[in-house]
Amino acid sequence: MEINNNFLWGGAVAANQVEGAWNVNGKGDSIADHLTAGSQNTSRKIVDDLSKNLNFPSHYGIDFYNTYKQDIRLLANLGLKCFRTSIAWSRIFPNGDEEFPNEQGLEFYDDLFDELIKNGMTPIVTLSHFEMPYHLVKKYHGWKNRKLIDFFTNYAKTVFTRYKDKVHYWMTFNEINNQSNFNSSDALFSNSGIIKNNRDNNEKDMYQAAHYELVASAKAVAIAHKINPDFKIGCMLAMAPIYPNTSNPKDIFKAERATQTRYWFGDVQCIGSYPSWLKSYQNNKGWNLDVTPSDIAILKTGTVDYIGMSYYMSMTVKSKEKENNYYSFEEDKDKVKNSYLDESDWGWQIDPIGLRYSLNWLNDRYHKPIFIVENGLGAKDSVDSDDKIKDLYRIKYLKSHISEMKKAILCDGVNVIGYTPWGIIDLISAGTGEMSKRYGVIYVDQNDQGEGSGRRLLKNSYYWYQQTIHCNASNIKI
Ligand code: BG6
């Protein structure tokens, strides 16, 4: 009972969290470039004026734009079979609404993908990972505007065509379903590029923006298959199974409604239609969203080939004393701690069995191959005097999750095609903008202000993951 030899062991990053070089060779500023650094207790802010003397971590990342050749050598020695990154949309279309792309941006990814392939790694590419051109945010109010569908599909078509012989695995929008928690930050969601204000109905805006993104995603799938029928296009869901706090039927239904609220995006991308509960909910609200019959037809024809998912934690919810008819789910208010689980230093509850649960749930619901494109532990690391980083906690996390993934594959028959731990090389945290929230098996000598030598060091987890890939995880017993 072992994992298939074609299994895609890899590692994952995103352009805005590693590349730096935010304004060189024709790149436009993206929404990520307007995000200040925060911390566990201070949220990141979107600042319009970049001349302010503030810390904007995407401006430097880990300088991957300049160091990718050396970094790829370390990743090749690690034995990676694939590498997930994103294309910074604003390197290709600096403003987002141009007709023609920026050739220097395209050349950068040509070189990057060539280097990966030369080193034996399959590139896995996300089109939109929290980094849309800022001009689209300012001028069009992000995905609130239907025009974004054309801008996105023009971008998608450009890169599908350019890299058709280099990249076969793509994903459209990273963690598209995270915007269901629309109250969480300054922007509804940085992929959506809608700056919140008190005058607007944020919930309605979220549903409208998500609809346009889903239409754009479905159109991109259809375009991709025309350009290269071998392309595999995935959605990307932030997966966190939602448990009821008790066996009280009210808690059970609350967890079900929370699950529906977070995962209906998957229904649209995998099945091609909206679930009935959501149609009723939106109709009863009287929102009159801009959803046309031709949109509905496009959603049906543009379903994805596989499910990309991130997995970090599970979530537990408790019903309110008085629930409305909808049992409306508000993540920040309804979530409770699960007393059976430990948590990371950033309060993320660690639940390896939740990964197996998620894989089974997605498999039963959508019957598509699943790619775990993010998983990992954000933790503080310390470097010993001999330059060693003994990150046993990270090894423990990865091992326990791979073990549950193996059970899902080998005992439950789930078709998992690959596993790419997040932030395989230390990078800027998306949630907090910190460098000190480290995920990597490769350490980067840099602090939260972007200062440091940038030197790369191999952590103990590097050697452990190398061995795990080498023996196809037969070192992890189930
Ligand atoms: C996912 C994102 O939400 O989780 C990544 O796709 C992100 O971009 C990762 O970095 C971990 O979250 P954080 O907030 O710890 O960086």
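**Notebook: a barrel and a pocket**

I began with the strands of this predicted model and found eight of them in a closed barrel, in the order S1-S2-S3-S4-S5-S7-S10-S11, with parallel pairing. From one strand to the next, I noted a twist that averages 30°.

Next I looked up one pair from the barrel. Strand S4 covers residues 169–173 and strand S5 covers residues 232–239; the two run parallel and are joined by three bridges. Which residue in S5 is the bridge partner of Met171? I found Gly234 there.

Then I turned to the helices. Helix H7, residues 202–227, lies across S4 and S5, and I noted that H7 runs at about 160° to S4. Helix H12, residues 352–366, lies across four strands: S5, S7 (306–311), S10 (370–375) and S11 (416–419). For H12 I wrote down an angle of about 160° to S7.

My last stop was a pocket. Rolling a probe the size of a water molecule over the atoms shows where empty space is left. I looked up the second largest pocket, which has a volume of about 340 Å³. Its lining counts 18 residues, and the closest to the pocket's centre are Ser180, Phe182, Glu203, Phe329 and Glu330.

Which helices each supply at least two residues of this lining? I met H7 again here, along with H8 (249–271), H9 (276–285) and H11 (331–334). So that you can picture the chemistry, I sorted the lining by class as well: seven residues are nonpolar, five are polar and six are charged.

Methods
Residues numbered from 1 in each chain as written. Predicted model: local features only at pLDDT ≥ 70, side-chain atom pairs only at ≥ 80, totals over all residues. Heavy atoms only, no water. Pairing = 2+ DSSP bridges. Axes fitted to C-alpha atoms, helices over the stretch in contact; angles between N-to-C directions. Contact = heavy atoms within 4.5 Å. 1 Å grid on protein atoms, 1.4 Å probe; cavity = no way out; pocket = protein on both sides within 12 Å on 5 of 7 lines; lining within 4 Å. Points joined across faces, edges and corners; volume = space filled by probe spheres on them.
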